[in-house]
Amino acid sequence: MNKDRTLVQIALYAAVIAALGLLPKFNIPVAGGVPLTAQTLGLMLAGIMLGPVRGFLSVALFILVVALGAPLLAGGRGGLGVFAGPTVGFIVGFPFAALVTGLMMQQLKNVNLFAAALISSIVGGIIVLYAFGIPGMVAMTSLDFSGAAKAILVFIPGDIIKALIAALIAQSVLRAMPGIIPSR
Amino acid sequence: MPDKCGYTFGPLFSLVANTAVSWFSGKQKTPVLTHQAPLYPSLADSICIEQVDLQRADNHLFQQLSLRWNETRVGLIGNNGSGKSSLVRLLNGLIAPEQGRVSVFGYDTVKQAALMPALVGFIFQNPDHQMIFPTVAEELAFGCEQLGQSAQKARASALALLAEQGIESWADRPVTQLSEGQKQRVCILSVLIMKPRLLILDEPFSSLDLPTRHLLLALIHNTDTHVLLISHDFSVYGDFDRLIWVDEGQIKADGLPDEVIRSYLASVDNLSVSL
Amino acid sequence: MITLYLARSSWLHHLPAGFKLCLLAASSMLILPVTQLELMLASMLATALLYVTLGGRGWQHLNMVKPLLPFLAVIMAFHFWAGSAYEGGVSVLRLVTMFLLANLITLTTRMTDMMAALQPVFWPLQWVGISPRALALAVALMVRFAPVLVLVMYNLDEAWKARGGKKQKWRLIVPLIIQAIRLSDHVAEALTARGGSSKISVRPIEVRR
């Protein structure tokens, strides 16, 4: 039973991330008109809700299905093309963002949930994600490192808002279903 | 010029891996299939619950519950929360008893749990919860693959069953596009294709209209499988052999469907008078 | 079905998936060293021509580049400031070409064929306990339940609107996650009842019927 449960949880959470990306209504407009979607929110929540290993696997599964041709990335993108795009670093970094978010949650076991989720989301979903995303951009676009970093700086405020939202969501879900978050 | 190896690495790797692994793949081990004999040969003709204790969320659901039958068509009724769902989950090992033992045709549901999926088929209330594949043919083929058929053979078996049912055209239809009745039909077929000896249906008709109920009932009756059906619609028990009424974890009545339904309805009437 | 696959028959559809992936790898290796704008432009046009050979309205799928455009504009702008517009042009064209080539494979290869072609790549995962069968099952489950959860999301949104909810739509994610957790409990139970993620290796002895 346990093995099947884990498998289904991983698959269904990957489906949640897909659902978040398919809804354009969640776009958060920020400076520069770059639309931000709820999808990176999904990675943060994967790490928080499933823990590091299952969170990683769940997001990796999502990326695999996107690579196989499902247009599930925000904005209806998908297929092998996304691995030839400038954002390939972010996409590769997605599972690691969830992994680190989950690991941080374990480390912050004794901190209150909101603060732990917020810090974990910022470290995993922003710092780790950008650590993958920026080199990816450098590799794909012949921009230099600082150029690439500047080009994606506009996303940071939106991402911090998302980390906040992730923490609020985690808090509400735990209140509705006590014991559902692995590190609590 | 910056290095762009990151991108080419993926497909390149698949090329190398393809050649390397196709060489190895012949050596992939497949699990050895074993056949087990029933643990209790004397009970091989019946389904048996012996002195079972079960606790759910801090209260005793069953205490020393015993029940045995070998009729082909058996119904199970009772109010919500009476223990019906837990009782049927004991029969395929989804729930293990705390005390006592449960056996199906002599096979212990706990000690021989690994063979339960091949012995007992289970239909759930909501078909959306049990269809695990995107298309109808895949859903049906899964059971055959579980029983050791190759992917191609499993698909062929699935298509054959669909043809037999006169619904070949459903094969590649996404399950999300089926009506509720069609979904439940697919669920029943995907379990029947595994040829279980006992088929348990946990309120399978609750969201279906009357014609669909009759179609599915006929589908179930056309098999030689033992059936255990939970339903709130008593009209489906017309030609059943036996009906069991469970109330608060106890067997309240057990016998011919007509009699059991009569006493159940009488108790409901009494209850509404006292309200 | 949620996939970019183009249900049609073209010469590219008939090529085996593994072969197409190798072709893709080879052609991107050819494209990477190109530094001349003219040559890059030519290869992009050649790629675009491949879309036309798909027949029908195959060329319309060139518009899949659209979501990339803002990024490309940013890259171009940075190169312009840095005074390297030529290199910028080359790198933008290279990105578009590689993107189009990769998507061409996605358009003409069935998801299951792609999965089968990639099977050997996943084979080493067995060493960490992920069998190819469990992986295939996970992919199927995700493709099956993504539309279900999208529907759940829309229904929640409708209910939210009906009750006058406007801002703070992210709040809908809470019930979405809760429903997904409940759903996964049911689905896991159903999966276990049918033998779970590994094949049924123990069978009852055959009986006379």
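Begin at helices α3 and α4 of chain A in this predicted model, where α3(A) passes α4(A) in a right-handed crossing. Select residues 52–67 of chain A for α3 and residues 88–107 of chain A for α4; the two axes come within 8 Å and cross at roughly 165 degrees. Because that angle is over 145 degrees, α3(A) is roughly antiparallel to α4(A).

Display the side chains at this crossing next. From α3(A), the contact draws on A:Pro52, A:Gly55, A:Phe56, A:Val59, A:Ala60 and A:Ile63. The α4(A) side is made by A:Ile91, A:Phe94, A:Pro95, A:Ala98, A:Leu99, A:Thr101, A:Gly102, A:Leu103 and A:Gln106. Coloured by class, the contact of α3(A) with α4(A) shows 11 nonpolar and 4 polar residues, with no charged residues.

Move now to a second helix pair in chain A. Select α2(A), residues 39–50, together with α5(A), residues 113–141. The axes of α2(A) and α5(A) lie 10 Å apart, and the helices pack at an angle of about 125 degrees. These two helices are therefore oblique to each other, and their crossing is right-handed. On α2(A), pick out A:Thr40, A:Leu43, A:Met44, A:Gly47 and A:Ile48; they meet A:Ala117, A:Ser120, A:Ser121, A:Gly124, A:Gly125 and A:Leu129 of α5(A). This contact has 5 nonpolar and 6 polar residues, and no charged residues.

Step back to show chain A as a whole. Chain A contains 7 helices and 2 strands, arranged from the N terminus as α-β-β-α-α-α-α-α-α. Its radius of gyration is 16 Å, close to the 16 Å that the globule rule gives for 184 residues, so chain A is as compact as a globular protein of that length. Aligned on its principal axes, the C-alpha trace of chain A spans about 45 × 35 × 30 Å.

Add chain C to the view. Chain C has 8 helices and 1 strand, and its elements run α-α-α-α-α-α-α-α-β from the N terminus. The radius of gyration of chain C is 24 Å, whereas a compact globule of 209 residues would have one near 17 Å. Its C-alpha atoms fill a box of roughly 75 × 55 × 40 Å along the principal axes. Colouring by confidence is useful here: the mean pLDDT of chain C is 85, and 95% of its residues reach 70 or more.

With both chains shown, select the interface between chain A and chain C. This contact takes 55 residues from chain A and 53 residues from chain C. On the chain A side, α1 (2–22), α3, α5 (113–141), α6 (145–151) and α7 (156–176) each give two or more residues. The largest share of that side, 16 residues, comes from α1(A). By class, the side of chain A that touches chain C has 38 nonpolar, 12 polar and 5 charged residues.

Finally, bring in chain B and turn to its contact with chain C, which takes 48 residues from chain B and 39 residues from chain C. Elements of chain B that each supply at least two residues are α1 (5–24), β1 (34–36), α3 (116–119), α4 (127–130) and α5 (136–146). Select α1(B) in particular, since the largest share of this side, 11 residues, comes from it. The residues of chain B that touch chain C divide into 29 nonpolar, 14 polar and 5 charged.

For the model as a whole, the scores are ipTM 0.89 and pTM 0.84.

Terms used:
Residues numbered from 1 in each chain as written. Chains lettered and ligands numbered in written order. Predicted model: local features only at pLDDT ≥ 70, side-chain atom pairs only at ≥ 80, totals over all residues. Axes fitted to C-alpha atoms, helices over the stretch in contact; angles between N-to-C directions. Helix = DSSP H or I, 4+ residues; strand = E, 2+ residues; numbered from the N terminus. Parallel < 35°, antiparallel > 145°, perpendicular 65-115°, else oblique. Left-handed = near helix turned anticlockwise from the far one by under 90°. Contact = placed C-beta atoms within 7 Å. Nonpolar A, V, L, I, M, F, W, Y, C, P; charged D, E, K, R; others polar. pLDDT = per-residue confidence, 0-100. Rg over C-alpha atoms; globule rule 2.2 N^0.38 Å.
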